[in-house]
Amino acid sequence: MLHLLLLDKGGTLDVTAHEILMNGNIKEIYQVTGGPYGGTKVDEEFMSLLERFFGTYQVKSFRENHPAEWLEMMNEFEMKKRGRRAYEGETTRIRLPRTFTALVSEQGVPDLARRFASSCTTDDVQFVRNEYFCIGPATMKKLFEPVLKGIVKHLNNLLKHRELRGLQFFFLVGGFAESVILQDAIKKNFQRR
């Protein structure tokens, strides 16, 4: 029985293949490979979205001057990116820290936000009640797109190797493995195996 493990280590994805032997021992049958396809790449896409929406200066200034609140906001996004809301077509709401909303409000960024929203084909990203950054399902899935494409491409290339022809199971391991969007992409692309 062969198992392919997908291990998310921060910004990278490590993939290794093991075989469970008859005596219960585990044997590595293919060396660890990987690439920049971990959960932090989705975080980087989120940060880029914040910068496009609110302005690079405001986001960078907040990140540098309020690191604890920045971390709190990113932790909230971390939990939301693993959830079912975007997968089920619902809007994901990220509560923005008061210091961030005050910073962007005093800089006149809501005008920038309106221009951003009007340039979108849908009203998929909104700054609501000066408190929430709302990300619609289409935009949320776009945040995952580069990562998912990289993972699927990497796995398809690996599965061409002779040693992996008998592969029977994929195991997703790590925090990013909880992402319903990631799980769905793996199922859709490899369910026939």
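Start by selecting helix H1, residues 39-54, together with helix H6, residues 137-158. Their axes come within 8 Å and cross at roughly 130°. Keep in mind as you look around that this is a predicted model. An angle between 115 and 145 degrees is neither roughly perpendicular nor roughly antiparallel, and H1 and H6 are therefore oblique to each other. Turn the view until you can follow the crossing: H1 passes H6 in a right-handed way.

Now show the side chains where these two helices touch. On H1, pick Lys 41, Val 42, Glu 45, Phe 46 and Leu 49. On H6, pick Thr 139, Leu 143, Phe 144, Pro 146 and Val 147. Colour them by type and you will find seven nonpolar residues, one polar and two charged in the contact of H1 with H6.

Stay with H1 and add its other partner on this tour, helix H2, residues 56-65. Here the axes are 6 Å apart, and the packing angle is about 125°. H1 and H2 are therefore oblique to each other as well. To see what touches, select Met 47, Leu 50, Glu 51 and Phe 54 of H1, then Thr 56, Gln 58, Val 59 and Arg 63 of H2. The contact of H1 with H2 is made up of four nonpolar, two polar and two charged residues.

Next come the charged pairs. Side chains of opposite charge can pair when their charged atoms come close. The model has 10 salt bridges, and we will visit some of them.

Move to helix H3, residues 67-82, and select Glu 76 and Lys 80. Their side chains meet in a salt bridge of 3.4 Å, N to O. The two residues are four apart in H3, about one turn of the helix. Switch on the surface: Lys 80 is partly exposed at 29% relative accessible area, and Glu 76 is partly exposed at 24%.

In H3 again, choose Glu 78 and Arg 82, which are also four residues apart, or about one helical turn. Their salt bridge is 2.8 Å, N to O. Are these two residues buried or exposed? Both Glu 78 and Arg 82 are buried. Now add Asp 43, Lys 81 and Glu 178 to the selection, and you have a network of salt bridges that links these residues with Glu 78 and Arg 82.

For the last stop, select Arg 84 and Glu 88, whose closest N and O atoms are 2.9 Å apart in a salt bridge. Arg 84 is partly exposed at 44% relative accessibility, and Glu 88 is partly exposed at 45%.

Technical notes: Residues numbered from 1 in each chain as written. Predicted model: local features only at pLDDT ≥ 70, side-chain atom pairs only at ≥ 80, totals over all residues. Heavy atoms only, no water. Axes fitted to C-alpha atoms, helices over the stretch in contact; angles between N-to-C directions. Parallel < 35°, antiparallel > 145°, perpendicular 65-115°, else oblique. Contact = heavy atoms within 4.5 Å. Nonpolar A, V, L, I, M, F, W, Y, C, P; charged D, E, K, R; others polar. Left-handed = near helix turned anticlockwise from the far one by under 90°. Salt bridge = Lys/Arg side-chain N within 4 Å of Asp/Glu carboxyl O. Buried < 20%, exposed > 50% of the residue type's maximum accessible area, 1.4 Å probe, protein only.
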